[in-house]
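The following exercises concern helix packing, nonpolar cores and backbone geometry. Each task is followed by a solution in steps.

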Amino acid sequence: MFLEFLRTNRYVAGFLAIIRVYLGYTWLTSGWGKITGGFDASGYLQGAVAKAGGDHPAVQGWWAAFLENVAIPGANVFSFLVMWGEFLVGIALILGIFTNFAALMGIVMNFAFVFSGTVSSNPQMILLTALLLAAGFNAGRFGLDRFVIPFIRQKIANKRRNQLKQVVAETN
């Protein structure tokens with residue numbers, strides 16, 4: 001019942017738009033700061049691996065192994081993905097275009113930061129993003145998704161209809 005309310009109510013869509021723009025602004029400014037500030041993730045990644053030791057590690061061993069064996073050797077790629085990922089997620093959330101995909105990519109980054117031992121605003125962002133994801137299309141109703149998603153659905157439906165017509169014509 002709550003989920004249906006979250007996914008269909010227009011007033012909720014307005015509230016979700018506020019949350020979406022807030023999260024988008026947070027991602028956009030963070031990403032832009034990294035893009036213009038010469039961001040290099042290698043120090044952050046090494047610091048996260050260092051948090052995996054001791055009696056009460058902030059980073060679990062499996063994640064530290066991933067960081068050590070994949071992320072640190074590919075620090076240039078991860079630096080690029082983080083700064084541009086944050087920036088693009090921010091733009092998409094502010095504009096309300098491909099909202100669900102942007103929210104999903106944002107929450108993946110938030111979890112990666114939490115796994116790396118950085119709490120900061122990440123739990124709050126995870127909670128707010130989970131609301132957007134649960135709301136589905138309603139989260140982007142007051143954004144460009146209002147126009148883009150129906151257009152894409154129509155294109156896919158037309159393509160399927162044409163394929164079906166072709167199959168029927170070939171069987172006759």
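**Exercise 1: two helices that pack together**

α2 passes α5 in a left-handed crossing. The model is predicted.

Task. Determine how α2 and α5 are oriented to each other, roughly antiparallel or roughly parallel, and describe the contact of α2 with α5 by residue class.

Solution.
1. The axes of the two helices come within 7 Å and cross at roughly 150°.
2. An angle over 145 degrees counts as roughly antiparallel.
3. α2 and α5 are therefore roughly antiparallel to each other.
4. On the side of α2, the contact includes Arg20, Leu23, Trp27, Leu28, Trp32 and Ile35; on the side of α5, it includes Val82, Trp84, Phe87, Val89, Leu93 and Leu95.
5. The residues of the contact of α2 with α5 divide into 16 nonpolar, four polar and three charged.

**Exercise 2: the next helix pair**

Task. Which orientation does α5 have to α6, and which residues of the two helices meet?

Solution.
1. α5 and α6 pack with their axes 9 Å apart, at an angle of about 140°.
2. That angle makes α5 oblique to α6, because only angles over 145 count as roughly antiparallel.
3. The crossing of α5 and α6 is left-handed.
4. From α5, the residues Val82, Gly85, Glu86, Val89, Ala92 and Leu93 take part; they meet Thr99, Ala102, Ala103, Met105, Gly106, Met109 and Phe113 of α6.
5. By class, the contact of α5 with α6 holds nine nonpolar, three polar and one charged residue.

**Exercise 3: the nonpolar cores**

Task. Identify the residues that touch the most other members of the largest nonpolar core, and state which helix gives the most to this core.

Solution.
1. The largest nonpolar core has 20 residues, of which Leu16, Leu23, Trp27, Leu93 and Leu132 touch the most other members.
2. At least two residues of this core come from each of α2 (10–36), α5 (75–95), α6 (99–115) and α7 (122–135).
3. With five residues, α2 gives the most to this core.
4. Leu132 touches Leu16, Ile19, Arg20, Leu23, Leu93, Asn100, Ala103 and Ala139, when residues up to four places away in sequence are not counted.
5. There is also a second, separate core of 10 residues, with Trp63, Ala64, Ala71 and Ala75 among them.

**Exercise 4: positive phi in two loops**

Task. Where are Phe98 and Ser120 found, and how exposed or buried are Phe98 and Ser120?

Solution.
1. Most residues other than glycine have a negative phi.
2. Phe98 is not a glycine, yet has a positive phi of about 50°; Ser120 also has a positive phi, near 45°.
3. Phe98 is found in the loop between α5 and α6, and Ser120 in the loop between α6 and α7.
4. Phe98 has a relative accessible area of 41%, so Phe98 is partly exposed.
5. Ser120 has a relative accessible area of 63%, so Ser120 is exposed.

**Exercise 5: a loop valine**

Task. Decide whether Val59 is buried or exposed, and list the residues that Val59 touches.

Solution.
1. Val59 is placed in the loop between α3 (42–50) and α4 (61–71).
2. Val59 has 1% relative accessibility and so counts as buried, since buried means under 20%.
3. Not counting residues up to four places away in sequence, Val59 touches Ala48, Lys51, Ala52, Ala64, Phe115, Ser116 and Gly117.
4. Val59 and Ile35 are 24 residues apart in sequence, and their C-alpha atoms are 26 Å apart in space.

Technical notes: Residues are numbered from 1 along each chain as its sequence is written. This is a predicted model: local features need pLDDT of at least 70, side-chain atom pairs count only at pLDDT 80 or more; totals for chains, interfaces and linings use all residues. Side-chain values use heavy atoms; hydrogens and water are left out. A nonpolar core is a set of buried Ala, Val, Leu, Ile, Met, Phe, Trp, Tyr and Cys residues joined through side-chain atoms within 4.5 Å. Buried means under 20% relative accessible area, exposed over 50%, partly exposed in between (1.4 Å probe, protein chains only). Helices (H or I, at least four residues) and strands (E, at least two) are DSSP runs, numbered from the N terminus. Contact means heavy atoms within 4.5 Å. Axes are lines fitted to C-alpha atoms, for helices over the stretch in contact, and angles run from 0 to 180 degrees between N-to-C directions. Angles under 35 degrees count as roughly parallel, over 145 as roughly antiparallel, 65 to 115 as roughly perpendicular and the rest as oblique. A crossing is left-handed if the near helix is turned anticlockwise from the far one by less than a right angle, and right-handed if clockwise. Ala, Val, Leu, Ile, Met, Phe, Trp, Tyr, Cys and Pro count as nonpolar, Asp, Glu, Lys and Arg as charged, and the others, Gly among them, as polar.
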